Amino acid sequence: MRYHNPVLLQSACHFLAVKPGGHYVDCTLGGGGHTTEIIRLGGLVLGLDQDPEALQACPDLDGLTKVQANFIHLAEVVQTHNWQPVQGVLLDLGVSEHQINIPGRGFSFQLPGPLDMRMDPALPNTAGTLVNQLSANQLTSLFKDYGEIPVAKLLAAKIIAARPLTTTDQLASITGKWSRQAFQALRITVNDELGALAAVLPQAKEILAPEGRLVVISFHSLEDRLVKQTLKDMATLTPKPVIGEKGAKLRAYVKTFNHS
Ligand SMILES: C[S@@+](CC[C@H](N)C(=O)[O-])C[C@H]1O[C@@H](n2cnc3c(N)ncnc32)[C@H](O)[C@@H]1O
């Protein structure tokens with residue numbers, strides 16, 4: 001089974017404008033789909049992923065340095081690896097197909113597994129911790145804010161009545177037709193995905209060399225909004241986002257000389 005089918009591969013490399021010998025950071029290495037293409041085009045890649053399984057699955061390529069790290073530490077990792085000047089940074093947000101397809105990771109509402117959903121197995125809270133410990137109000141907000149579920153309050157009440165929950169199928173039998181959104185909301189919370197994105201964007205801007213490129217592929221409107229807001233002072237190469245499979249939206253920016 002393929003680890004992950006990279007989304008918007010050609011567009012991402014086009015907007016990164018990969019230069020032979022240039023330094024790139026792939027903040028979301030996964031199975032290395034985007035990185036492999038950047039290297040084929042002559043770039044050198046510092047590849048980060050918080051999931052140790054991604055680091056193992058990604059091939060060892062000449063020109064690739066793999067680091068197991070959360071991209072909230074981007075600036076520090078770049079400094080430790082003496083990677084500046086950086087010509088391009090890529091963020092391909094969300095989960096990989098591998099993470100979704102392995103039942104033991106607990107990301108899929110369609111596969112039986114434990115309520116885990118941690119991309120980094122060292123993270124403190126699993127989806128199980130959240131569904132079993134959050135209050136009704138907290139669960140309602142989580143489903144409303146991150147899943148845009150209109151029946152959030154009802155789902156929260158049903159979950160609380162059914163506690164303790166330990167498996168994805170137990171949860172999916174409660175969330176029913178809202179399972180996709182409910183699982184997404186839990187995953188975003190378990191991995192603090194919006195917090196991590198808010199933390200990495202200013203660092204990406206900071207570490208880029210003048211004329212360096214930043215490419216972000218996002219999968220839901222909350223991420224896309226945060227990207228647009230945080231990077232509004234950068235020059236955009238995509239006044240309209242490039243749309244890919246699975247609702248992916250690509251936005252690309254360039255650091256012009258008047259940005260510090
Ligand atoms: C959509 S996949 C990337 C797939 C990759 N572009 C490829 O072609 O295989 C997202 C990856 O980013 C990782 N990831 C998500 N959030 C992260 C974070 N805050 N820090 C580091 N890695 C993260 C996930 O573990 C996952 O492997």
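Two helices whose axes make an angle of 65 to 115 degrees count as roughly perpendicular. That cut-off comes in handy for one of the three helix pairs below. The model here is a predicted one, and its secondary structure adds up to 12 helices and 8 strands. The chain splits into two domains, with domain 1 built from 9-97 + 193-254 and domain 2 covering 124-190.

**Overall build**

- Domain 1 comes in two stretches of the chain, 9-97 and 193-254, while domain 2 is the stretch 124-190.
- Measuring between C-alpha centres, so to speak, puts domain 1 and domain 2 30 Å apart.- The C-alpha trace of the protein chain spans about 55 × 35 × 30 Å along its principal axes.
- The radius of gyration is 19 Å, which agrees with the value near 18 Å that a compact globule of 260 residues would have.

**Helices α7 and α10**

- Helix α7 takes in residues 136-147 and helix α10 residues 179-190; their axes come within 8 Å and cross at roughly 100°.
- That crossing angle is why α7 and α10 are roughly perpendicular to each other.
- On the α7 side the contact uses L142, F143, Y146 and G147, and these meet Q181, A182, Q184, A185, I188 and T189 in α10.
- Sorted by class, the residues of this contact between α7 and α10 come out as 6 nonpolar, 4 polar and no charged.

**Helices α11 and α12**

- Helix α11 (residues 193-207) packs against helix α12 (residues 221-230) at an angle of about 25°, and their axes are 10 Å apart.
- With an angle like that, α11 and α12 are therefore roughly parallel to each other.
- The crossing of this pair, α11 and α12, is right-handed.
- From α11, the contact draws on L194, L197, A198, L201 and P202; from α12, on L222, E223, L226, V227 and T230.
- The mix in the contact of α11 with α12 is 8 nonpolar, 1 polar and 1 charged.

**Helices α1 and α2**

- Helix α1 runs over residues 9-16 and helix α2 over residues 33-40; they pack at an angle of about 50°, with axes 10 Å apart.
- α1 and α2 are therefore oblique to each other.
- Their crossing, α1 with α2, is right-handed.
- L9, A12, C13 and L16 are what α1 brings to the contact, and α2 brings G33, H34, E37 and I38.
- Class by class, the contact of α1 with α2 holds 5 nonpolar, 2 polar and 1 charged residues.

**Backbone spots to look at**

- Going from Q84 to P85, the peptide bond is cis, with omega near 0°.
- P85 sits in the loop between α4 (74-80) and β4 (86-92).
- R163 and P164 are also joined by a cis peptide bond, and omega there is about 0°.
- You'll find P164 in the loop between α8 (152-162) and α9 (168-175).
- M117 is not a glycine, yet it has a positive phi of about 70°.
- The loop between α5 (97-101) and α6 (127-133) is where M117 lies.

Key
Residues numbered from 1 in each chain as written. Predicted model: local features only at pLDDT ≥ 70, side-chain atom pairs only at ≥ 80, totals over all residues. Domains from an automatic or database assignment. Axes fitted to C-alpha atoms, helices over the stretch in contact; angles between N-to-C directions. Helix = DSSP H or I, 4+ residues; strand = E, 2+ residues; numbered from the N terminus. Parallel < 35°, antiparallel > 145°, perpendicular 65-115°, else oblique. Left-handed = near helix turned anticlockwise from the far one by under 90°. Contact = placed C-beta atoms within 7 Å. Nonpolar A, V, L, I, M, F, W, Y, C, P; charged D, E, K, R; others polar. Rg over C-alpha atoms; globule rule 2.2 N^0.38 Å.
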